[in-house]
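The exercises below ask you to read a protein model step by step, beginning with its strands and ending with its empty spaces. Try each task on the structure before you turn to the solution.

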Amino acid sequence: MTVEELRNRHGQLLRDRRVVDRLDPPARPADTAERYHTWNQVAAEPLPDLLGRLVDVRVRPAAYRPAHLRELQRVLDAVQPEVLHLARAAGWDTATPVLAGVFPTGTLDALSVPVPGRGVLVLVNTSLPDLLGAVLKTMTGALPHYGPPPLLTAEQASYALAEALNAHLYGNGAVEPRRLPELSGQRASLVSLMGRRATQFVLAHEVAHVLAGHLPHARRLTDPNTPVGALDARSVGWPREHEADRIAAVIMLRSLDGLTHRELEAYEPCLVAAVLLVLFLHEVTDRLADELGLTVPFAGNHPPPVRRIQTLVEHLAGHVRTPRALDLAADLATWLEGRLGDVREWFRLVDETLLGGPAPGA
Ligand SMILES: [Zn+2]
């Protein structure tokens, strides 16, 4: 019952901020998202078209699409009970109702908003699942690990990554990067598993604040720089943020209980990589935002991502059960870092275009 009240509060917040009127699914959700149908098509358009898509996001604020938000909310509705279940299995339980809701918060950290007498509304940035999904698909398509030949060249992967980061940084949580084709086989299962685990970690971190009783000690913090104006969140201080990361990691590792050693060898690296991917993306987007002169809402609320990564890696290293558990995460970080030069080059071309510089290819 109280979760329904939280859902009403979420709907009201979306209406008040003119994001979307309602989230109830229509009979058949219209899917108007643009997509690539084959991997050869990715970033194969003429340069002015590729550049034009990136420029568009900056100069023309896009409208929020109800079908897109509904789809994201469905993902959260599926993931949230899994997180609460894993928390219970790890010995953490709470009587406080929690609801995760999509919202254009502009930060990769979810925001916990206590609703007095009802529970806690956890606001998850609308662009987080899109960014996670695009990065995972791009990485899986580009790395040779998952069966040669790779589906994407380095150049295609760089553009796909630039488009995803551009949408996150400039799209107000309304813009989706052009969707990549569906994957199949091992690649498809890996991406869907890691996307789910990464989202679970984001929610588990917020649930950890509730479970550890952090919120009553929290100070209210208002940030005026979100895509929809000033938003309130709670600030609990950096030591409690690290504690929430550790509790979230413990909760997530419970999902591996009962696996055989061989299964652990396959799944533990994916779990660790998914958890750390969220923080890697946080670090990369913070760095790019800084270089581009953009403000990240609620930036001081959490320790810098680099510190969170270090602390969490140390914690994970003491808790994983297989020797290569951290390897995939390391590959992922290296791959991401290796693409950033090209991503910056795309952003530089966009700046040049906006300043009326030489036409691309001229
Ligand atoms: Zn937190």
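**Exercise 1. Work out the order of the strands in the open sheet of 3 strands, and find its edge strands.**

Solution. Keep in mind throughout that this is a predicted model. Begin with the order across the open sheet, whose 3 strands are arranged β1-β3-β2 with mixed pairing. Next, look for strands that pair on one side only, and you will find that the edge strands are β1 (98-103) and β2. Passing from one strand to the next, you meet a twist that averages 30 degrees. Then follow the pairing of β1 with strand β3 (residues 119-125), where the two run parallel and are joined by 6 bridges. As a point of reference in this pairing, Ala100 stands opposite Val122 in β3. Finally, turn to helix α1 (residues 2-16), which lies across β1, β2 and β3 and runs at about 20 degrees to β1.

**Exercise 2. Describe how strand β4 pairs with β5, and say how many residues lie between them.**

Solution. Start with the direction of the strands: strand β4 (residues 219-226) pairs with β5 in the antiparallel sense, over 6 bridges. To place the two strands against each other, locate Arg219, which stands opposite Ser235 in β5. Last, trace the chain from β4 to β5, and you will see that they form a hairpin with 2 residues between them.

**Exercise 3. Decide how the axes of helices α2 and α10 are oriented to each other, and examine the residues that meet.**

Solution. First take the geometry, in which helix α2 (residues 47-59) and helix α10 (residues 327-354) pack at an angle of about 75 degrees, with their axes 10 Å apart. Angles of 65 to 115 degrees count as roughly perpendicular, and α2 and α10 are therefore roughly perpendicular to each other. Now list the contacts: from α2, the residues include Leu47, Leu50, Leu54 and Arg58, while those in α10 include Trp346, Phe347, Val350 and Asp351. Sorting the residues of this contact of α2 with α10 by character gives 11 nonpolar, 1 polar and 2 charged.

**Exercise 4. Find the volume of the largest pocket, and state which elements give two or more residues to its lining.**

Solution. The volume of the largest pocket is about 770 Å³. Its lining is made of 26 residues, and those nearest the centre are Glu71, Pro129, Gly133, Ala134 and Lys137. Two or more residues of this lining come from each of α3 (66-89), α4 (127-142) and α6 (185-211). When the lining residues of the largest pocket are sorted, 12 are nonpolar, 5 polar and 9 charged.

**Exercise 5. Say how many cavities of 30 Å³ or more the whole structure holds, and describe the lining of the largest and of the second largest.**

Solution. A search of the whole structure finds 4 such cavities. The largest cavity contains about 80 Å³ of space, and among the residues that line it are Ala110, Ser112, Glu206, His209, Arg234 and His302. The elements that give two or more residues to this lining are β2 (111-115), α6 and β5 (229-235).

Move on to the second largest cavity, with a volume of about 70 Å³. Its lining includes Ala110, Phe201, Glu206, Val278, His302 and Arg308. Here α6 and α8 (261-292) are the elements that give two or more residues, and α6 gives the most, with 4 residues. In this second lining, 6 residues are nonpolar, 2 polar and 3 charged.

Notes:
Residues numbered from 1 in each chain as written. Predicted model: local features only at pLDDT ≥ 70, side-chain atom pairs only at ≥ 80, totals over all residues. Heavy atoms only, no water. 1 Å grid on protein atoms, 1.4 Å probe; cavity = no way out; pocket = protein on both sides within 12 Å on 5 of 7 lines; lining within 4 Å. Points joined across faces, edges and corners; volume = space filled by probe spheres on them. Nonpolar A, V, L, I, M, F, W, Y, C, P; charged D, E, K, R; others polar. Axes fitted to C-alpha atoms, helices over the stretch in contact; angles between N-to-C directions. Parallel < 35°, antiparallel > 145°, perpendicular 65-115°, else oblique. Contact = heavy atoms within 4.5 Å. Pairing = 2+ DSSP bridges.
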